[in-house]
Amino acid sequence: MTQQLTDKYGRNIEYLRLSVTDRCDLRCSYCMPKGFKDFGEPKDWLTFDEIERVIRIFGELGTKRIRLTGGEPLVRKNLPELATRLAKLPGIEDLSLSSNATQLKKQAVPLKQAGITRINVSLDTLRADRFKEITGGGKIEKVIDGLIAAKEAGFQPVKINMVAMRGVNDDEVEDMVEFCIKHDFTLRFIEAMPMGDTGREANKQYIPLSEIHDRLAKKYTLTKANMNGGGPARYVRVDDTELRIGFITPISQHFCDTCNRVRLSVDGTLYLCLGQDDSYPLRELMRAGITDDELKEHIQKAIDLKPEKHEFSEQPGKLVRFMSMTGG
Ligand code: SF4
């Protein structure tokens, strides 16, 4: 019988974001600091066998959704093999991926065949010069090719995540809407979060998404809508189009009351909240030979430590770690 992971606030934890690497081929201004080199050692990464075991256990504890993240997950070798193994695990109903898509053109088909059903792609601008600026030298053509390849491989929906930043990319909001209508992508706007120094820098360009919503409502007829997925986005549909637009508002309208997730970093550390430092190391316990039942007890103990909510507004200087260390 499947058990259920519930925290001390009565929230069912059925969604795990799994970081398969802390490396990335981009250096987005609000995430990984330029010149950052202090990555974890591959010997400290969970192996595919260890990942499969811990996800099997989470599945037996009622976790239904697994999202593969990074850093950039596509830089981890043989990711389709890992995805194939995770997609087969009992209880795992939804396997998805968050990527910057620079390497998606080559990997879209094998990832689809492996059992990944949905993809979220980070894209904050449609301008090549600005993309290069925001990502620390990236080529936007690679991302566009990756998005098209994902669609052709049959991923549905393909979602685009745009971090809205005042004076950086907020002049492209309507262009991004038109781009997503043209290519049948789903669009989500995300508020900049003060994660690490880089995140705090971006947070200075923070825009409450109600502003973006109201601006779009002047140009488009927006109707409330629902979308499949375990995420916190609030969706609207643009009338006379297939476009769904999601608003992810951790700062202006947080969704911690209904939080359903935890994060596992590549070195096997369970982070209980994106906006807090509370964590529980599992790797050494697993390598010390604990049984499956003991691993379940440790996971439940960890969930009992899950904080009620983030303190991004109350203590913006609190978090040292930046986004890619736990995969967003
Ligand atoms: S900030 Fe923490 S509590 Fe709030 S939704 Fe995110 S993970 Fe959950």
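Two residues are in contact when heavy atoms lie within 4.5 Å. Keep that in mind for the whole-chain view: among contacts in the protein chain between residues at least 6 apart in sequence, 73% join residues at least 24 apart.

A word on what you have open: it's a predicted model, where local features need pLDDT of at least 70 and side-chain atom pairs count only at pLDDT 80 or more, while totals for chains, interfaces and linings use all residues. Residues are numbered from 1 along each chain as its sequence is written, and side-chain values use heavy atoms, with hydrogens and water left out.

**Stop 1: the cartoon.** Show the protein chain as ribbons and you'll get ten helices and twelve strands (DSSP runs numbered from the N terminus: helices are H or I with at least four residues, strands are E with at least two).

**Stop 2: an aromatic pair.** There are four aromatic pairs in the structure (ring centres of Phe, Tyr or Trp, using the six-membered ring of Trp, within 6.5 Å; planes under 30 degrees apart are stacked, over 60 edge-to-face, the rest tilted). Select Phe-36 and Phe-322: their ring centres are 5.0 Å apart with planes at 85°, so this pair is edge-to-face. Phe-36 sits in the loop between β1 (15–19) and α1 (48–60), while Phe-322 is in the segment after α10 (292–303), 286 residues away. Now add Phe-39, which forms one aromatic cluster with Phe-36 and Phe-322.

**Stop 3: charges over rings.** Pick Lys-112 and Phe-155: the charged end of Lys-112 sits over the ring, 5.9 Å from its centre (NZ of Lys or CZ of Arg within 6 Å of the ring centre and within 35 degrees of the ring normal). Then try Lys-151, whose charged end sits over the ring of Phe-185, 5.8 Å from its centre.
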